[in-house]
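Subject: Structure for you to look at

Hello,

Here is the protein I said I would pass on. Please have it open while you read the notes below it.

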Amino acid sequence: MKKVLIVDDIPGWIRFHQNNIEHLNIEKLQIDTANSAREGLAKIEASIDNPYCAIFTDLQMESDFLPKLAGEWFIEQIKTYNKYYSKTKIIIVSASPSIKQIAQHNNVDYIPKSIIRNAEAKIYANYIL
């Protein structure tokens, strides 16, 4: 079974991502969600023996990690689990103006929210299949 994690503090964005992923009709796909970077990390730790195939995360969530953005902190935490990180695609989905720089610095993919808002559901397939 493939598993996907969506991490965003805005319930509407979680539903948006979830609906688009469900629209792909991938059999045996589990979609988990988290409302903060800390909750996302807890989900990672709970699934250490069965990693997510893809994690879609926002950058701008709780402000506990300043000067870093919460999503940036979250990605750094995932990277500490080398075995896990090597099996998982991480995609930043954010409206942050620094999305490209943070994605490049952390060697992960990114999609600006302004683009994904108008994209077709199949954009998610590139990361899940």
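What follows goes from the overall fold to one helix. Please keep in mind that this is a predicted model.

The protein has seven helices and five strands. Along the sequence, they are arranged as β-α-β-α-β-α-α-β-α-β-α-α. The radius of gyration is 13 Å, and the globule rule gives 14 Å for 129 residues, so the protein is as compact as a globular protein of that length. Its C-alpha trace spans about 40 × 35 × 25 Å along the principal axes.

Of the 129 residues, 48% count as buried. Among the contacts with a separation of 6 or more, 68% are made by residues 24 or more positions apart.

On the outside, the accessible surface is about 6,800 Å², and carbon and sulfur atoms account for 48% of that surface. The protein has 15 positive and 15 negative charges, and the mean positions of the two sets lie 6 Å apart.

Now the helix. Which residues of α5 are buried? In this helix, which runs over residues 99–106, they are I99, I102, A103 and N106. They sit on the same side of α5 because they cover an arc of only 100° around the axis. Their cover includes the helices α3 (70–79) and α4 (82–87) and the strands β4 (89–94) and β5 (109–112). The exposed residues Q104 and H105 are on the face of α5 turned away from the buried side. After α5 comes N107, which has a positive phi, near 55°.

Regards

Methods:
Residues are numbered from 1 along each chain as its sequence is written. This is a predicted model: local features need pLDDT of at least 70, side-chain atom pairs count only at pLDDT 80 or more; totals for chains, interfaces and linings use all residues. Side-chain values use heavy atoms; hydrogens and water are left out. Buried means under 20% relative accessible area, exposed over 50%, partly exposed in between (1.4 Å probe, protein chains only). Helices (H or I, at least four residues) and strands (E, at least two) are DSSP runs, numbered from the N terminus. The arc is that of the directions from the helix axis to the C-beta atoms. Contact means heavy atoms within 4.5 Å. The radius of gyration is taken over C-alpha atoms; the globule rule is 2.2 Å times the number of residues to the power 0.38. Accessible areas come from the Shrake-Rupley method with a 1.4 Å probe; for residues, only the protein chains shown count as cover. Lys and Arg count as positive and Asp and Glu as negative; His and the chain ends are not counted. The place of a charge is taken as NZ of Lys, CZ of Arg, CG of Asp or CD of Glu.
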